[in-house]
Structure formats: C-alpha cells, structure tokens
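Hi,

Here is the structure I said I'd pass along. Have a look at it first, and then read on for what turned up.

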Amino acid sequence: MDDNKADKLERQLHKEFPHGHPDFIPMQIAKMELHSRKNADYTASDSSNPLGNFYRVSKIKQLYPNADWSTPLGTALDYMMKQLDAGLTLWSNNKESGTGEGIDSRFGDVSVYIDIARILSKEEKL
C-alpha cells in the first residue's frame with residue numbers, strides 16, 4: 001500500500017475509532033500489510049483459501065498420529081514443514097515471493113530446521 005493510501009486509511013480509522021493509543025491503528029495497518037504480503041507465499045494455486053498452508057501442514061501431521069507434536073522435536077518439524085510448504089507453493093506456482101524470501105531462502109530454512117530436529121532427536125535419545 002502506498003503511503004498516501006495508508007495515511008488516508010489511518011485518518012479514516014482514527015475518526016471511526018477515536019479512543020486508544022495513537023500508535024495502535026498504524027500498528028494494525030502494518031500487520032494487515034504484512035499478513036497480506038506473507039500470505040502470498042503460503043497460498044496454494046487455489047488462492048481462495050488464505051489459510052491453505054495450515055490445512056496442508058495439518059494433513060501431513062495427521063499421517064503420524066502417534067507423533068507428539070508438542071515436543072521440541074515436534075515443534076522444529078512443524079516449523080520445517082511451514083517453510084517447506086511455502087517453498088513448494090512458490091515452486092509449484094512458479095512465482096516470486098511477496099516477501100523477498102524466495103524458494104532458496106525457504107529451502108535454506110528447511111535445512112536449518114532439519115539440523116535442529118536432528119540435534120533434538122539426539123538429545124531426546126530417539
């Protein structure tokens with residue numbers, strides 16, 4: 001969103017919601033911009049579901065019903081799958097990232113989380 005649109009929106013929202021800290025509304029606008037920009041990396045080819053990444057990763061996790069996803073290892077794998085899903089989505093849609101974090105960056109994150117998972121697995125003696 002360009003600065004003029006953001007300023008106009010902020011003024012409009014301050015009129016509609018005049019009470020509260022003056023920094024609150026600009027923070028919410030920035031959050032909406034971030035959500036929209038980042039969501040482009042997580043939305044599959046069917047962009048009608050902006051929460052598609054949560055459903056896809058959830059389906060993968062359901063394949064392993066005996067895994068304890070609440071452990072540090074489960075959390076590392078969860079983070080890894082989030083990055084893998086974002087990279088696969090960019091790859092499958094043959095598009096650039098909306099955040100500047102392209103396929104290489106996402107797959108780099110996957111490799112870091114896998115190494116963290118290996119360390120946690122060793123620490124948990126699995």
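In what order do the elements of the protein chain run from the N terminus on? The order is α-α-α-α-α. Put as a tally, the secondary structure is five helices and zero strands. Before you get attached to any of this, keep in mind that you're looking at a predicted model.

**The chain as a whole**

There are 126 residues in the protein chain, and 21% of them are buried. The accessible surface adds up to about 9,200 Å², and carbon and sulfur atoms own 58% of that surface. As for how the chain meets itself, take the contacts with a separation of 6 or more: 54% of them are between residues 24 or more positions apart.

**Helix α1 and its neighbour α2**

Start with α1, which covers residues 3-16. From the first C-alpha to the last, its 14 residues reach 20 Å, close to the 20 Å expected at 1.5 Å a residue. Just where α1 starts, Asp-2 puts a side-chain oxygen within 3.1 Å of the backbone nitrogen of Asn-4. How many of the 14 residues in α1 are buried? The count is one, so α1 is hardly covered, with buried meaning under 20% relative accessible area.

Now go to Ile-29, which sits in helix α2 (residues 24-42). Its relative accessible area is 5%, so Ile-29 is buried. Which residues does Ile-29 touch, leaving aside those up to four places away in sequence? They are Ala-6, Leu-9, Glu-10 and Leu-13. If you'd like a distance to check in your viewer, try the C-alpha atoms of Ile-29 and Asp-7: they are 9.9 Å apart, with the two positions 22 residues apart along the chain.

**The link between α3 and α4**

The count of salt bridges comes to four. One of them is between the side chains of Arg-56 and Asp-85, at 2.7 Å from N to O. Why does this pair tie together separate parts of the chain? Arg-56 belongs to helix α3 (residues 52-62) and Asp-85 to helix α4 (residues 72-93), so the bridge joins parts that are 29 residues apart in sequence.

Are the two partners buried or exposed? Asp-85 has a relative accessible area of 10%, so it counts as buried. Arg-56, with 23%, is partly exposed. The Arg-56 and Asp-85 side chains also show up as a polar contact, again at 2.7 Å.

Asp-85 has something else going on, this time through its backbone. The side chain of Thr-89 reaches the backbone oxygen of Asp-85 at 2.8 Å. Thr-89 is in helix α4, and it is buried, at 3% relative accessible area. Asp-85 has its place in α4 too.

**Two more salt bridges**

Glu-101 pairs with Arg-106, and their closest N and O atoms are 3.9 Å apart. The cut-off for a salt bridge is 4 Å, so this pair is counted. Arg-106 is buried, at 0% relative accessibility, whereas Glu-101 is partly exposed, at 23%.

The other pair to look at is Asp-115 and Arg-118, where the closest N and O atoms are 3.7 Å apart. Both residues lie in helix α5 (residues 103-123), and they are three residues apart, which is about one turn of the helix. Arg-118 is exposed, with a relative accessible area of 59%, while Asp-115 counts as partly exposed at 41%.

**A nonpolar patch on the surface**

Which residues make the nonpolar surface patch of about 350 Å²? Leu-51, Phe-54 and Tyr-55 do. Of these, Phe-54 lies in helix α3, and its relative accessible area of 58% makes it exposed. Remember that Arg-56, from the salt bridge to Asp-85, is in α3 as well.

If you want a route through the model, begin with Ile-29 and the residues it touches, including Leu-9 and Leu-13. After that, go to the Arg-56 and Asp-85 salt bridge, and finish at the patch made by Leu-51, Phe-54 and Tyr-55.

Cheers

Conventions: Residues are numbered from 1 along each chain as its sequence is written. This is a predicted model: local features need pLDDT of at least 70, side-chain atom pairs count only at pLDDT 80 or more; totals for chains, interfaces and linings use all residues. Side-chain values use heavy atoms; hydrogens and water are left out. Helices (H or I, at least four residues) and strands (E, at least two) are DSSP runs, numbered from the N terminus. The expected span of a helix is 1.5 Å times one less than its number of residues. Buried means under 20% relative accessible area, exposed over 50%, partly exposed in between (1.4 Å probe, protein chains only). A polar contact is a pair of N or O atoms within 3.5 Å; within protein, one must be able to donate a hydrogen and the other to accept it, and residues adjacent in sequence count only if both atoms are side-chain atoms. Contact means heavy atoms within 4.5 Å. Accessible areas come from the Shrake-Rupley method with a 1.4 Å probe; for residues, only the protein chains shown count as cover. Patches are made of residues with over 30% relative accessible area and no salt bridge: like charges are joined within 9 Å, nonpolar side chains (Val, Leu, Ile, Met, Phe, Trp, Tyr) within 5 Å.
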